[in-house]
Amino acid sequence: MAKIVIEKSVPLKGAVRISGAKNSALPLMAASLLSGERSVLHNVPRLRDVDTMKEIMEEIGAKIKREGDSFLIDTGNIHSIEAPYELVRKMRASILLLGPLLARCGRARISLPGGCAIGERPINLHLNALSSMGAEISLENGYINARAKRLKGAEIFFDIPTVTGTENTMMAACLAEGKTIIKNAAKEPEIADLADMLREMGADIEGDGTDKITIYGVKELRGAEHRIIPDRIEAGTFMIASVMTRGEVEIRECIPEHLGALIEKLEKVGAEIRVKKDSIFVKGPDVIKSVDIKTMPFPGFPTDLQAQFMAMMCIADGCSVIKETIFENRFMHVGELRRMGADIEVNGSQAIVKGKKHLLAAPVMATDLRASACLVLAGLVAEGGRTEVHRIYHLDRGYEMMENKFASLGAKIWRES
Ligand code: EPU
């Protein structure tokens, strides 16, 4: 099986271009199902999760052609409403097909995603929202069966601001009869990106980016042409890498406003940050200071950068407290970081990281997507030989050519079979 091999690297130097956001690409692909006309997506990242979504959509009748960085999506002939277990188990985000299929076809049958390495991750809020809109939902043999002749607008309150739950509800509400209001909606930039595409398709949506989103249902939607926003988590990962290696890296083609919480923390760590319209320059300090973080929904510190930040705190001067509030089991990387010499104590949802002068190279195992990125970052600064990161299929789910991008900044990193 393929692995990534890393040797202690010189300070990273140069510029890196950020790819399209995975967590926008997936809902935007699903949204194209709401119309029978052709849609075009630009800046589509080459990722395993995107391939999985493509495969499921092709299975139900969509025709998707890649041309460079673009996807041409023809949804004129949807002949199935089922997302099967064999594909859904590869990627939880397949649940994003539920809202669009139900709204467009009146029926959907989606395998229940089940838990995953970072937590139980229920979908009760997605199902409650669609039920409030009049869908009949039953669970049968591990599948969600949903039916509704035409969904009806409703007032929906989410107990927790769920990202994909907000997206599913927004997509379904676009073709519902009447007005839907989502309260305590997620405010992540990917929600606003989806709303932009839906508006291009003819939807009537207000309030995206705030915690109250209003959707006025329309009878039909048309195809759209849309450019996916840059991946703020990929950008954040490279920013942290620049700090860890005491590098000087320009992060190009990103949206700095999407990275406010990280920028503030990196400044406290001692980094020099210069923000331009669509780029961020990050210079690492000689001494990395310990800083505490608490993960929160946007615009708070993203859970998807918690593991990478922890890798940085392992070599910081002092002690840092890392609190994970979004997922109950997102410290799987701790055991692997300890194998590299890190001093981390976990107590429930809180980790206390005592910074050390060095991490030590070791073979380690990736457990999920962001944990893999954290181990690669640790490998860039680890002393005493080669760090080998195994199970990198997790990494390929969400990072486009990560090792090539790091190598272009001067890192000693390569992939081996
Ligand atoms: N939750 C419920 N019930 C639900 C839905 C969510 O209790 O019906 C809980 C979850 O268990 C969690 C919290 O609500 O404790 C927030 O979860 P959310 O639904 O927002 O997560 P998600 O939509 O499943 C997306 C991203 C994740 C990212 C989270 C949080 C996509 C495809 N995935 O997941 O991305 O961590 O939001 O920002 O957008 C990743 O890219 O590595 C990744 C895991």
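Domain bounds, as I use them here, come from an automatic or database domain assignment. For this protein chain, that assignment gives two domains: domain 1, made of 3–19 + 230–416, and domain 2, covering 22–227. Keep in mind that this is a predicted model.

Start with how the domains sit. Their centres, taken over C-alpha atoms, are 30 Å apart. The contact draws 25 residues from domain 1 and 21 residues from domain 2.

Now the empty spaces. Rolling a probe the size of a water molecule over the atoms shows where empty space is left. How many cavities of 30 Å³ or more does a search of the whole structure find? Four.

Take the largest cavity. Its volume is about 60 Å³. The lining runs through Ala 21, Lys 22 and Asn 23, then Glu 190, then Asp 231, Arg 232 and Ile 233, and finally Asp 304 and Arg 370. Two helices give two or more residues each to that lining: α1 (22–31) and α8 (232–244). Look at the chemistry. Six lining residues are charged, two are nonpolar and one is polar.

Where does the largest cavity lie with respect to the domains? Between them, because domain 1 (3–19 + 230–416) and domain 2 (22–227) both give residues to its lining.

Next, the second largest cavity. The volume here is about 50 Å³. Its lining includes Arg 232 and Ile 233, the run from His 258 through Gly 260 to Leu 262, and Phe 298, Pro 299 and Gly 300. Pro 302 and Leu 305 also line this cavity. Helices α8 and α9 (260–269) are the elements that give two or more residues to this lining. The largest share, three residues, comes from α9. The chemistry of this lining reads as eight nonpolar, three polar and one charged. Note two names. Arg 232 and Ile 233 are in the lining of the largest cavity, and they are in the lining of the second largest cavity too.

Stay with Phe 298 and Pro 299 for a moment. The peptide bond between them is cis, with omega near 10°. Pro 299 is placed in the loop between β18 and α10. Both residues belong to the lining of the second largest cavity.

That loop takes us to a sheet. It is open, has four strands, and the order is β18-β19-β21-β20, with mixed pairing. Which strands stand at its edges? They are β18 (293–294) and β20 (343–347). Each has a single partner strand, so one side of each is left without a neighbour in the sheet. Strand β18 pairs with β19 (residues 319–323) in the parallel sense, over two bridges. Within that pair, Ile 293 has Ile 322 of β19 as its bridge partner.

On to the helix at the other end of the loop. Helix α10 (residues 306–313) lies across β18, β19, β20 and β21 (350–354). Against β19, α10 runs at about 170°.

One open space before we change sheets. The second largest pocket has a volume of about 280 Å³. Its lining counts 19 residues. Nearest the pocket centre lie Met 244, Arg 246, Ile 315, Lys 357 and His 358. By class, the lining holds nine nonpolar, three polar and seven charged residues.

Now the other sheet. This one is also open, with four strands in the order β10-β11-β13-β12 and mixed pairing. At the edges stand β10 (155–157) and β12 (204–206). Both have a single partner strand, so each has one side left without a neighbour in the sheet. From one strand to the next, the twist averages 15°.

How do β11 and β13 run, and how many bridges join them? Strand β11 (residues 179–183) and strand β13 (residues 212–216) run antiparallel, joined by five bridges. One bridge pair to look at: Ile 182 has Ile 213 of β13 as its partner.

Last stop, Asn 184. This residue sits in the loop between β11 and α7 (189–200). Its phi is near 55°, which is positive in a residue other than glycine.

To recap. The largest cavity lies between the two domains, since both give residues to its lining. The second largest cavity takes its largest share of lining from α9. And the cis bond is the one from Phe 298 to Pro 299.

Technical notes: Residues are numbered from 1 along each chain as its sequence is written. This is a predicted model: local features need pLDDT of at least 70, side-chain atom pairs count only at pLDDT 80 or more; totals for chains, interfaces and linings use all residues. Side-chain values use heavy atoms; hydrogens and water are left out. Two strands pair if DSSP finds at least two bridges between them. Contact means heavy atoms within 4.5 Å. Axes are lines fitted to C-alpha atoms, for helices over the stretch in contact, and angles run from 0 to 180 degrees between N-to-C directions. On a 1 Å grid over the protein atoms alone, a cavity is a set of points where a 1.4 Å probe fits but cannot get out, and a pocket is an open set with protein on both sides within 12 Å along at least five of seven lines; lining residues have an atom within 4 Å of a point. Grid points are joined across faces, edges and corners, and a volume is the space filled by probe spheres set on the points. Ala, Val, Leu, Ile, Met, Phe, Trp, Tyr, Cys and Pro count as nonpolar, Asp, Glu, Lys and Arg as charged, and the others, Gly among them, as polar.
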